Structure formats: structure tokens, C-alpha cells
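This report looks at a pair of helices and the aromatic rings beside them. The structure comes first.

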Amino acid sequence: MTLETVIPSLRSTLYQHVDPAAWPLTTAPAPGGDLAVGGVGLAELAARFGTPATVLDLDDVAARLRGYRTALPDADVAYAGKALLCAGLVSLLVEAGVRLDVCSGGELALALRAGMPAERIVVHGNAPTEAELDAAVRAGVGRVVVDSLDVADRLAAVASRRRTVVDVLLRVAPGVDAGGHPAIRTGGDDQKFGVPLTGGRAAAVAGAIVGRRALRLVGLHCHLGSQIADTTMWERAVDPLLDLTAELPGGLTELNLGGGHAVTGGTPFDLAGFARRVTGAIARGCTARGLAPLRLGVEPGRAIVASAGVTLYRVQATKCAGSGRWFVAVDGGMGDNPRVALYGAAYDAHLVGRTTCAAWRPATVVGRYCEAGDVLARDVALPEDVTVGDVVAVPGTGAYHHAMASSYNMVGRPPLVGVRDGVARVLVRRETTADLLARDCCLPHSAPDEGRWDDDAWCGGVVLGRD
């Protein structure tokens, strides 16, 4: 199913305020005012798995991976695991034949345990520990992205001890400001990632890497930021990166332009146009400089999983503030979606599971956490008869929600439920109060009633079939 077929279906139902691009590709109307994702009703999922819970459309993820492989058949496509990573997702990456970019020892360990071939893993990070560098070298990962001369030297020392040579990419800050929230701009000179081109800094670090016998510099890397729709930004980065490539000794074969492809809101990202224009810019630039053709690398993360995710909440209270603002409070919040508080990210929210003839009313959906900034969605349209017990669905939560979730206020993190072809299964179970208490080393091991009152009904391993 494509968005072109989803849009008319959604707009023919109660959900006339929906932005279809934010919803999974398999989203369809279901009986009783519900919506189905992956062939399973959202209200049914809320009842069986509890709330809050994040639902991931596995067909949507697979389709977007195929889209990148089709648009960029000659490029190295590496999924950016920081957006969302679990074993169930890794199996889709392996099947699609893409690489995986990881940025910690934990992500590396999960990737390897879940079956991702080490040679298809790219290890990233501006401040990796000695143990993480050693784990990457020991595993034989395909690439390590080096962010500074210090990291290069530390990696070279580890590789020398292991008597091996590591293929590396040097991350460069090309001086391209792609805009957006300051916390997600990573292409300029004044931020923590990469070595700036200015003042010959990147050239000096690249030259030092070439001089390390345990390292093999195979290419340059950059990442301009997040939620970028304008392909011109990447085209602007190509020339200065190729200029640096031309300065260095021969042997570089790759140019990785990172990810940051926009998902929803504003101008949609044109993947086909990006592929055509960026590969063309690289080809022309290489020819003009007498360079051998470079292989393009991209690292989409959010673009693969964001719209595949929907988070389900249950309403716990409603009330009007003195200002007249209508608050709808739910059983999740900034613990499972910190992005509103961190970046001012915007989300929609929709009643699912029942029909209503009530008028629409602007609502601010807030969470259960002890923070005034615990907001999930501002000024969204909800029926004015929304009440305690109703299920509210927030789309576009596949990226940087499960991955960034916390146990603030000692509230366990929600489960991640995969859906496909009418079947649902838990990919990552709900974190229980017993899980949280187990980490506290000062509690007696046999605390009375430990964990008896928390919600353990996460339905681990339950498979939902079609009715």
C-alpha cells in the first residue's frame, strides 16, 4: 500500500485532520471508528498490550528500505541505528542488504547478537571509549568514522595491539548550515561533530591518519543535520569535500553524506531527486578534479522508521485551565517522547476506537510526568467528548522515541510492538517496576511485594491473529 492509497481512505473517515504522511503506509480505517496498522486495530492493540505502547509497522520499514535501495542502487545505504534499534528491526536490515550505523558499544553488541554481519557495520561517535574501540576492532567492523585526531590516535593504538588495519572515514564539518533547531545542526564549524575544513584543520587530521599504519583512510564523511528537505544543502557540501579529497594522497574511494532527510512537515523529501542531483554533483566534481569516481554513502535513520511508528495512550483526565486551554492528560509523556521538550517537535493526536458526532475542539495533550514542560501535542483537534479511558494515537513516533525513552519518575518504558499482515508481536517488552527496583543495590533482595503492583501485563510473545 502507498500513501496515495492511504490518503483517500483516511480522509473519508472521521480523521479529516490527519497528515497522512505521518502515518504508517498500511494505515486503514477499521470498524467502530478505529484505525488499523499492519492489519491490526489500534484499539485492540491498546487493549492487549496496554498503554502507553509504541506500534511499529514492519511492512512500512521494509518498504522504505527498498525505496532507498532502488533510488540509490550503487550507493552504500547504512541505516542510522540511533533512531531506533532492536533485534526485530535488525532482521529487516539484514534482509534488505543495507549497512547499519551504530554509535555505542551497546548498539554494536545488539547488532552483532541480532545477526548483522560485522563487515556491514559502521561505528560512529565523537568520543568512543577505549572499550568501544576495542570491541569494534575485535569484531572486524566494516568502517569506523573518526571524529578527531585524538580518536584516530586511540583507534590506531587499539588496532596495532590487535595487529590489524582498520578502514576509517574522517568526519568533516563542511561549513554548511542547513538550518533547523540549534540542537540538530551538525554541518557548521561551531558544533561538536567533525573536523572543520577551515584553517586546514581537516586536511591536517586526514594527513595524520594516512600516516598511521594501522589505519586506512578510505573516504570522508559529513552529516549536515536533521529534517532537511532541500537537496541543495548536500550539493553545497560536495565541492569542499571533493577539494579536500583532491589534496590527499590517492586511494580514497568513498564520500558519505550522512542522513537527515526530512520526514513530515513542510516540503517533503524528494528521494529520487536527491539521488539524481547528488550523484550527479559527485560525478561532475570528480571529473573536474581528475579524481576516480567516489562511491556515495548515505545514512538515513528517521526517514526509515519515523512514520512507521504510532504511540498509543489512554486518557486519564481532562480539564480546562484558567486561560480556557483544554488539557487532555494521558498515561505517557516526556518519558517516552522527550522531543517536544527538547526540540519543540510538533505532533498530532487522534481519538481511536470509537465513533463520535461531537464537535472538534483544540486540545493540548499532556503527560503524567512531574514537569510543566511534559507536553505531547499542542493545539490539536480532538472531539470535545474525549474522556477518561479513551485511546489516543500519536503518529510519527518511530524515530527517537523508543530510543530516547527514559524511566523518569521511575515510570517504566513502554513496549515496542511490531505489526505485519494482521499479526502483532512484542519486539521489546514493557519495562516493569521490578526491572527498575532491580538496579538499586541498596534495596533488600527480598523486598516485600516487590513488583506485585506494577503492570506486568505486556503480553510478552503474544501473537494476535485475525479475527
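Trp234 and Phe274 are both buried. The model is predicted. For Trp234 the relative accessibility is 0%, so the residue counts as buried. Phe269 has 15% relative accessibility and therefore also counts as buried. Trp234, Phe269 and Phe274 make up one aromatic cluster.

By the ring-centre rule, there are 4 aromatic pairs. Two of them are set out here.

| Pair | Centre to centre | Angle between planes | Geometry |
|---|---|---|---|
| Trp234 and Phe269 | 5.9 Å | 70 degrees | edge-to-face |
| Trp234 and Phe274 | 5.1 Å | 85 degrees | edge-to-face |

The Trp234 and Phe274 pair links distant parts of the chain, 40 residues apart: Trp234 sits in helix 9 and Phe274 in helix 10. Phe269 lies in the loop between strand 12 (254-256) and helix 10, so its pair with Trp234 ties together parts 35 residues apart in sequence.

Now the helices themselves. The axes of helix 9 (residues 232-247) and helix 10 (residues 271-289) come within 10 Å and cross at roughly 25 degrees. Angles under 35 degrees count as roughly parallel, and the two helices are therefore roughly parallel to each other. The crossing is right-handed. Helix 9 contributes residues including Trp234, Val238 and Leu242 to the contact, and helix 10 residues including Phe274, Val278 and Ile282. The contact residues comprise 9 nonpolar, 2 polar and 5 charged.

Ala237 also belongs to helix 9. Its relative accessibility is 0%, so Ala237 counts as buried. Beyond its neighbours within four places in sequence, Ala237 is in contact with Pro174, Val176, Cys222 and Leu224. The C-alpha atoms of Ala237 and Ala281 are 10.0 Å apart, with their positions 44 residues apart along the chain.

Conventions. Residues are numbered from 1 along each chain as its sequence is written. This is a predicted model: local features need pLDDT of at least 70, side-chain atom pairs count only at pLDDT 80 or more; totals for chains, interfaces and linings use all residues. Side-chain values use heavy atoms; hydrogens and water are left out. Axes are lines fitted to C-alpha atoms, for helices over the stretch in contact, and angles run from 0 to 180 degrees between N-to-C directions. Helices (H or I, at least four residues) and strands (E, at least two) are DSSP runs, numbered from the N terminus. Angles under 35 degrees count as roughly parallel, over 145 as roughly antiparallel, 65 to 115 as roughly perpendicular and the rest as oblique. A crossing is left-handed if the near helix is turned anticlockwise from the far one by less than a right angle, and right-handed if clockwise. Contact means heavy atoms within 4.5 Å. Ala, Val, Leu, Ile, Met, Phe, Trp, Tyr, Cys and Pro count as nonpolar, Asp, Glu, Lys and Arg as charged, and the others, Gly among them, as polar. Buried means under 20% relative accessible area, exposed over 50%, partly exposed in between (1.4 Å probe, protein chains only). Rings of Phe, Tyr and Trp (its six-membered ring) pair if their centres lie within 6.5 Å; planes under 30 degrees apart count as stacked, over 60 as edge-to-face and the rest as tilted.
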